[in-house]
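Here are my notes on this one, jotted down as numbered points. Have a look at the model first, then read on.

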Amino acid sequence: QLEPVIGQANLLDLSLPGAHDAMTADLSTALSDGYEGMGPFISKLLHKVTPEIAGRFIRAQGQTQGLKLVEMLEAGVRFVDFRIMFTQPPTSGGHKDWYNLHGCESNHPALDYLKEAKTWLDAHPKEIVVFWVSRHGNAHLNGTEQYPNTTPEQRQAFFSAVSEVFSGQMFDTSKGLLNETSIAELWRRNQRVIWYTADYAESTKSSPLAMDGTLVENNLPGSGYELKSSLDFFRSAQSRLGSAKAKNHFLLASLAASAPECQLKWAAVINFVPLAKEMGALKKCAACFSDIPDFHSCPMSLQDQGQLTNYYNQLILETVWAEGANNTATDFPNAIYIDGLDHGGLIRTGPQRLNPAPKVVEGSSSDDPHGTAGYAYAATLIGATVRRLCRSTPSSAGCKSLVGVLNAARLKNPIQLWNDTQSGRHADWPQVPAPKAAQMSDLTFLI
């Protein structure tokens, strides 16, 4: 249905739903090589328990997603934060290979998941997927700073294998720049995999089938209840998009959760120190979130933290959507990457964890009336793309019907706010800051 609207645009005219640490739904309990650790206090505490128990805790602090890669693609994700490291397999024996990671490594080699994505792409011949490849989300590191204890040959062998998996489907920069290539032309060439990678020059030998990961402008404007800083970014996104596209850059913004270090500390204490709750550890963990009124609990996993952040992220996304209807300055970037993707293109905003790895501690009760609540994330970003493109060509075939379809999808899972201080969710906090006068200057009212 999108074809008549997006065909003559290029990828840098679109806003893609993305996933942060996209491969963490299938983590093992084995720590990956190149893992950056959790600080001296937690490391000392974890050395007192068995590797399996320590691995379960670290996995719980690394899992951001409950959906696996193909499930995310089915849910509308088109930007994949794909983190890799050359490491020992999660089970004993075998040779080193490239695995996905976030603290712990994935159960299977990274290439296995890419083969599943290839099968999905073959079944969906008009879909385009952007991969952003690094070890820990910083594309500006190169060589062994990016991938410790690896050789150029090992890194190049991985890219060669990726090129074989997606043979004929990777965007070829020798044919032209991404900001000059229409979606229709990408379809015609069947070049539907965009591979942005860290350590581009050495890992790919500057291959035309990849793009330098530093071309992705990765913005961290704040997420969750940090409304002011995040909205300041989105309220100037139109000009940022234009500037990035002119440089052939991809404008990215994170709305992912970031657990405070003290939360990790007290979550570990609660897990491993007997009677920790009775000794005040829960209260000390809750104090790590002192900005949230009347919060007396402790997110015990990164999924808990991510879904709490998503509860307030929906307020950011809905504000940008609403303001963008009348003010073209307010918009979404080329992609947002976020935690807690759910089936149907939603982000989970309720407290019940989606497909958690075996728990170290129990999460939200399954009978929580808002436990599985979600917000129409994918429909909102796709809707913003259609709205933006249809403004420039309002008579384009399909605009009216597409807007209706996307509005209906949004209405199925609208923003939902409720009061549950135990899980840190409030219906009337925080207040959405009004745009500054300068951000109100580009109002374009649509009939």
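1. Of the 447 residues in the chain, 57% are buried. Keep in mind that this is a predicted model. The exposed surface of the chain comes to about 18500 Å², with carbon and sulfur atoms supplying 54% of it.

2. On the overall fold, I count 16 helices and 14 strands. The radius of gyration is 22 Å, close to the 22 Å from the globule rule for 447 residues, so the chain is as compact as a globular protein of that length. Along the principal axes, the C-alpha atoms fill a box of roughly 65 × 55 × 35 Å. Among contacts with a separation of 6 or more, 76% join residues 24 or more positions apart.

3. Charges next. The chain has 38 positive and 44 negative charges, and their mean positions sit 2 Å apart.

4. Now the cysteines. There are three disulfides in the structure, and with the bonded cysteines numbered in sequence order, the pairing reads 1-3, 2-4, 5-6.

5. Cys262 pairs with Cys288, with 2.1 Å between the sulfur atoms. Cys262 belongs to helix H12 (residues 261-272), while Cys288 is in the loop between helix H13 (281-286) and helix H14 (302-324), so this disulfide ties together parts 26 residues apart in sequence. Is each partner buried or partly exposed? Cys262 has 28% relative accessibility and counts as partly exposed; Cys288, at 17%, counts as buried, because the cut-off for buried is under 20%.

6. Cys285 and Cys298 make another disulfide, their sulfur atoms 1.9 Å apart. This pair links distant parts of the chain, 13 residues apart: Cys285 is in helix H13, and Cys298 is in the loop between H13 and H14. The torsion about the S-S bond of Cys285 and Cys298 is about 65°, so the bond is right-handed. Both cysteines of this pair, Cys285 and Cys298, are buried.

7. Then there is Cys390 with Cys399, again a disulfide, with sulfur atoms 1.9 Å apart. What is the handedness of the disulfide of Cys390 and Cys399? The S-S torsion of Cys390 and Cys399 is about -100°, so this disulfide is left-handed. Cys390 and Cys399 are buried as well.

8. Finally, why does Cys104 not bond to the closest cysteine sulfur? That closest sulfur, in Cys298, is 19 Å from the sulfur of Cys104, which is too far for a bond, because a disulfide needs the two sulfur atoms within 2.5 Å. Cys104 itself has 0% relative accessibility, so this residue counts as buried.

Note on methods: Residues are numbered from 1 along each chain as its sequence is written. This is a predicted model: local features need pLDDT of at least 70, side-chain atom pairs count only at pLDDT 80 or more; totals for chains, interfaces and linings use all residues. Side-chain values use heavy atoms; hydrogens and water are left out. Helices (H or I, at least four residues) and strands (E, at least two) are DSSP runs, numbered from the N terminus. Buried means under 20% relative accessible area, exposed over 50%, partly exposed in between (1.4 Å probe, protein chains only). The radius of gyration is taken over C-alpha atoms; the globule rule is 2.2 Å times the number of residues to the power 0.38. Contact means heavy atoms within 4.5 Å. Accessible areas come from the Shrake-Rupley method with a 1.4 Å probe; for residues, only the protein chains shown count as cover. Lys and Arg count as positive and Asp and Glu as negative; His and the chain ends are not counted. The place of a charge is taken as NZ of Lys, CZ of Arg, CG of Asp or CD of Glu.
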